[in-house]
Amino acid sequence: MLTKIRRFFESDDGATAIEYGLIAALISVAIIAAVSLIGEQLNTTFSTIAGNLTDANS
């Protein structure tokens, strides 16, 4: 019984899974931030182009 308890406390399989989960969460946050930043820049660019086309058409 004591050896089973000792093996349980020495096992690091759960810690490894938690570390991988944290890495995946950080990568997800970085991707979301990058996409939202690029999305805002694209919106500004297309709005400028649309305004220029409207002015040129007048």
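A nonpolar patch sits on the surface of this predicted model, built from Tyr20, Ile23, Ile27, Ile31 and Val35. Taken together, these five residues offer about 530 Å² of accessible area. One of them, Ile27, belongs to helix α2, which runs over residues 13-57. Ile27 is neither buried nor fully out in the open: its relative accessible area comes to 48%, so it counts as partly exposed, since that label covers values between 20% and 50%.

Stepping back to the whole chain, the secondary structure is quickly told: two helices and zero strands. The radius of gyration is 26 Å, while the globule rule gives 10 Å for 58 residues, so the chain is more spread out than a compact globule. The box filled by the C-alpha atoms, taken along the principal axes, is roughly 85 × 10 × 5 Å.

What about cover? Buried residues account for 0% of the 58 in the chain. In total, the chain exposes about 5400 Å², and 68% of that area is supplied by carbon and sulfur atoms.

Notes
Residues numbered from 1 in each chain as written. Predicted model: local features only at pLDDT ≥ 70, side-chain atom pairs only at ≥ 80, totals over all residues. Heavy atoms only, no water. Patch = residues over 30% accessible without salt bridge, like charges linked within 9 Å, V, L, I, M, F, W, Y side chains within 5 Å. Areas by Shrake-Rupley, 256 points an atom, 1.4 Å probe, with all protein chains shown as cover. Salt bridge = Lys/Arg side-chain N within 4 Å of Asp/Glu carboxyl O. Helix = DSSP H or I, 4+ residues; strand = E, 2+ residues; numbered from the N terminus. Buried < 20%, exposed > 50% of the residue type's maximum accessible area, 1.4 Å probe, protein only. Rg over C-alpha atoms; globule rule 2.2 N^0.38 Å.
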